[in-house]
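Biologist: Could you take me through one part of this model slowly, as if I were new to it? I'd like a close look at the sheet and at what sits around it.

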Amino acid sequence: MAYVCAKCGKQIKSLSEGLMCLYCGGRIILKERSSLAREVSTD
Ligand SMILES: [Zn+2]
């Protein structure tokens, strides 16, 4: 399940220790909804 930072909008795929955006340091992380799951990178 992917997560999205509510501050910068970056997609966070791996949550390390605690909920924190790796890009801006924001702590508001939203669960990515299916409607927003448009861009899916190849795994
Ligand atoms: Zn962020």
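Modeller: Start with V4, which stands opposite L30 in β3. This is a predicted model, so keep in mind that we're reading a prediction here. V4 and L30 face each other where strand β1, residues 3–5, pairs with β3 in the antiparallel sense, over three bridges. In general, strands of a sheet pair through backbone hydrogen bonds, and they can do that either parallel or antiparallel.

Now zoom out a little. Three strands make up an open sheet, ordered β2-β1-β3, and the pairing is antiparallel. The edges belong to β2 (11–12) and β3 (29–31), each of which pairs on one side only. Notice that the order in the sheet, β2-β1-β3, is one thing, while the pattern you read along the sequence is simply β-β-β. Helices don't come into it: the chain has zero of them, next to its three strands.

Let's stay with β1 for a moment, since Y3 lies in that strand. Y3 and K31 are 28 residues apart along the chain, yet their C-alpha atoms are separated by 4.5 Å. Is Y3 buried or exposed? Neither, quite: Y3 counts as partly exposed because it has 17 C-beta neighbours inside 10 Å, and being buried would take 20 or more.

Over in strand β2 you'll find I12. This one does make the cut: I12 is buried because 20 other C-beta atoms lie within 10 Å. What does I12 touch, once you skip residues up to four places away in sequence? The answer is Y3, V4, C5, C21, L22 and I29. So our starting residue V4 is on that list, and so is Y3. As for L22, ten residues separate it from I12 in sequence, and the C-alpha atoms of the two are 7.8 Å apart in space.

C21, another name from I12's list, belongs to the loop between β2 and β3. Why does C21 count as buried? Because it has 20 other C-beta atoms within 10 Å. Leaving out neighbours within four places in sequence, C21 is in contact with C5, K7, C8, K10, I12, G26 and I29. If you'd like a distance to check on screen, try C21 and G9: twelve residues apart in sequence, 9.5 Å from C-alpha to C-alpha.

That leaves G26, also found in the loop between β2 and β3. G26 is partly exposed, because 17 other C-beta atoms lie within 10 Å. Not counting residues up to four places away in sequence, G26 touches C5, A6, K7, C8 and C21. Take C8 as an example: G26 and C8 are 18 residues apart in sequence, with 7.9 Å between their C-alpha atoms.

To put those residues in context, buried residues make up 7% of the 43 residues in the chain. Among contacts with a separation of 6 or more, 27% are between residues 24 or more positions apart.

And how confident is the predictor? The chain averages a pLDDT of 78, and 70% of the residues score at least 70. Among the elements, β1 has the highest mean pLDDT, at 88, and β2 the lowest, at 86.

Definitions and conventions
Residues numbered from 1 in each chain as written. Predicted model: local features only at pLDDT ≥ 70, side-chain atom pairs only at ≥ 80, totals over all residues. Helix = DSSP H or I, 4+ residues; strand = E, 2+ residues; numbered from the N terminus. Buried ≥ 20, exposed ≤ 12 C-beta atoms within 10 Å, placed from the backbone. Contact = placed C-beta atoms within 7 Å. Pairing = 2+ DSSP bridges. pLDDT = per-residue confidence, 0-100.
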